[in-house]
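Good morning, colleagues. Please look at the sequence and the model on the screen, and I shall then take you through them.

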Amino acid sequence: MESKKKPKILSYLTKKLRQKKRITFASVVAFAIVLAGCSGGTGATGAAGVPGANGAASITPGPSGAQGATGPVGPAGSDGASGTPGTTGATGPAGPAGSDGASGTPGADGTNREAGYKVGLTTFDPALPPKPALPSADKVCSTLTANIMQLPNGLPPDSADDPALGAANSAPDTTRIQTALNNCGAGNAVRLVTGQSGNGGFISGPLTLPSGVTLWIDKSATLYASRDPRQFDKVAGTPSCGDTFSGSSGCLALITATATSNSAVMGDGTIDGRGGSRLLATAVDNKGNPFLRGDGSNVSWWDLAWRANKVGDAGTSQGNPRLILSTYSNNFTVYKIRLQNSPNFHIVTSGNDGVLVWGLKVNTPSNAYQQMTNYLGQPYSVDTAKNTDAFDPGGAAPKTINKVAYSGFSNNVVLAYSFISTGDDDFSPKGSYPNSNLTVAHNHFYSGHGVSIGSETNGGVSNMHVYDNSFDGDGTIENQGLRIKSDASKGGLVTGVIYENICMRNLTLPLVFDAYYSTNTGSNIPNFQNVSINGLNIVGGGRLTMRGYDAAHTLQIAFDNVVASGAFTFTASPLADVHPPFSNAQITVGPNRMDLPFLASAANNVSVTKIVGTASALPVDCSHAFVSFPL
């Protein structure tokens, strides 16, 4: 009988374990008892112990008869009859096991719960549009080979585009690339590839991307921007670019797509704006005076940005070109390309319906420029390469182009599976016209000002979902996380912003929600409503700002499942003395864990409301979130 019982119980337990089902305590004890009966033959079977009460912490075998002398192995004794539940009998000398006792009452549910959300592991997301793909061979209308060699640091030699050093043209590849694009036709692609001798460089001035055409930059090929500001003037012969006062509106972008459908820039190659290289024309300041380096040589694009932003020529904004500008377009795509060293913003979309940026890599400044210095002798870094936002989508004024009316609304924008390290905002929706339905998912952010709404929010920003992203900093001022920023000169309604499953470490400013981002005044009051953070893990502390505008325009934000370690303080500038960094805020927390130091303050008009409920969410798992920037 013993030999029949054991396999049934073993099979039962094995089955339960494989199914990850709950196993009762009594079943486990029964299993132990049966195993105990696997010893050699014994004397006569002792009387069965009285079974313990249901649910008891243990079931002790009842007393047995005196142990007989060991003899030849014989058949197992029969089971003792089950008694009615009662108190456990005293333990007798070891003997053969009795039959199983009645099962106790099941205990509390001990089902294994899965770990918290694992940031950085999602490879497929049905909520996103389909992943883009490179064009097939039959869709390539023209293949152009590179003629310019690259130095070991990845940059072209100065002689490649400097007429003073023998170059025939300061933008030698503009004409052939533009001609190929113009002749390509919708649905096809122009492909830039390396030359037979290993040359990988193209140097170009502004290019126009036709509707439906893809510019494909192949692996190891690099499209460099010309260093000549005259190439980027809006009107040939009228200088408007390369100064400290015209702003980016005075310059053409390197690549422009206007009123297009299904146009794209993609490939495993690189677009390099050469923001730290010395210009081929003398720059001027806001007074019309030449702006030169101390040795009399020309400054760089980034020198102009530093002069305009940090030195502060009154009312100035650097006249620097952007790398990619798409306006009034539908379904514009940027896929896999590496963008670096832009003179200004890397990607700007304005008034587009449908923008998909997938697999982008932004690395500014690149290693080559980190070995150089600006006009003040400071090494180029994320701090000295100013206003190099990675991707800024925004609305635009309504407009009719080629008899087609465009609303100017920015709608349906996606940034996914990208890697971004730059000297300003990593992703920054903004503008004076509506901006809605934005998704930021499965990205890795490094240096930069993080996912940052504003500062222009007077057009409104709504319905933005930010999830499964990591922010990996080094503790410098340029490492920031989640931000909404504005002021009374350009504020508006920001609503319906959801942040979920976010990992951060070593950020100086992990959370900034600030209606007094600058000292500018006006009647466009910032209003941040319906903002939520659910699933956040912060390592390394940092400085926080939670500052609404006033009692009628409070910051309304909810926190849940927030794990935080390190020291946290509240800080803000400017106007911290008049408008404290933790003020005019209605904060909701819970029901799950909340580690940040939020306390109500009547003096500063801050309320903190705790949601009562069952705390069931597990902390976000960041063990796979932080990865090295891809080479």
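Let me begin with confidence: pLDDT is the predictor's confidence in each residue, on a scale from 0 to 100. What we have here is a predicted model, and its mean pLDDT is 86, with 81% of the residues reaching 70 or more. Residues 1-113 call for caution, as the pLDDT over this stretch is below 50. The stretch nevertheless has 95 contacts in the model beyond near neighbours in sequence. Where pLDDT is low, the predicted coordinates should not be read in detail.

Now to the overall composition. The protein has 631 residues, and buried residues make up 52% of them. Its secondary structure consists of 5 helices and 36 strands. Among contacts with a separation of 6 or more, 77% are between residues 24 or more positions apart.

I turn next to one of the sheets. In what order do the strands of the open, 5-stranded sheet lie? The order is β4-β7-β12-β15-β18, and the pairing is parallel. At the edges are β4, residues 207-208, and β18, each of which pairs on one side only. Within the sheet, β12 and β15 are joined in the parallel sense by 4 bridges. One residue pair to locate on the screen is I324 with its bridge partner in β15, I347.

Let us stay with the edge strand β18, which covers residues 391-394 and contains P393. Is P393 buried or exposed? P393 has a relative accessible area of 0%, and the limit for a buried residue is under 20%, so P393 counts as buried. Leaving aside neighbours within four places in sequence, the contacts of P393 include T349, V413, F427, P429 and L438. The C-alpha atom of P393 is also 9.1 Å from that of N411, a residue 18 positions away along the chain.

A second group of strands deserves attention. Strand β32 spans residues 555-565, and 8 of its 11 residues are buried, so the rest of the structure largely encloses it. Strand β30, residues 527-539, runs parallel to β32 and is joined to it by 8 bridges. One of the residue pairs here is V539 with S565 of β32. Strand β35, residues 585-589, is also parallel to β32, with 5 bridges between them. F559 stands opposite V589 of β35.

F559 leads us to the interior. In soluble globular proteins, nonpolar side chains tend to be buried together. The largest nonpolar core here has 94 residues, and F559 is among those that touch the most other members, as are L223, I271, Y499, L511, F513 and L596. Not counting residues up to four places away in sequence, F559 touches L511, I533, M546 and L596, among others. There is also a second, separate core of 11 residues, including Y335, W358, V414 and Y467.

Finally, the largest pocket. About 1400 Å³ of space lies within it. Which of its 50 lining residues are closest to the centre? They are N387, D424, S455, K485 and Y517. Several elements each supply at least two residues of the lining, including α4, β12, β15, β18 and β27. With β12, β15 and β18, the pocket brings us back to the open sheet described earlier. Thank you for your attention.

Conventions:
Residues numbered from 1 in each chain as written. Predicted model: local features only at pLDDT ≥ 70, side-chain atom pairs only at ≥ 80, totals over all residues. Heavy atoms only, no water. Contact = heavy atoms within 4.5 Å. Buried < 20%, exposed > 50% of the residue type's maximum accessible area, 1.4 Å probe, protein only. Pairing = 2+ DSSP bridges. Core = buried A, V, L, I, M, F, W, Y, C linked by side-chain atoms within 4.5 Å. 1 Å grid on protein atoms, 1.4 Å probe; cavity = no way out; pocket = protein on both sides within 12 Å on 5 of 7 lines; lining within 4 Å. Points joined across faces, edges and corners; volume = space filled by probe spheres on them.
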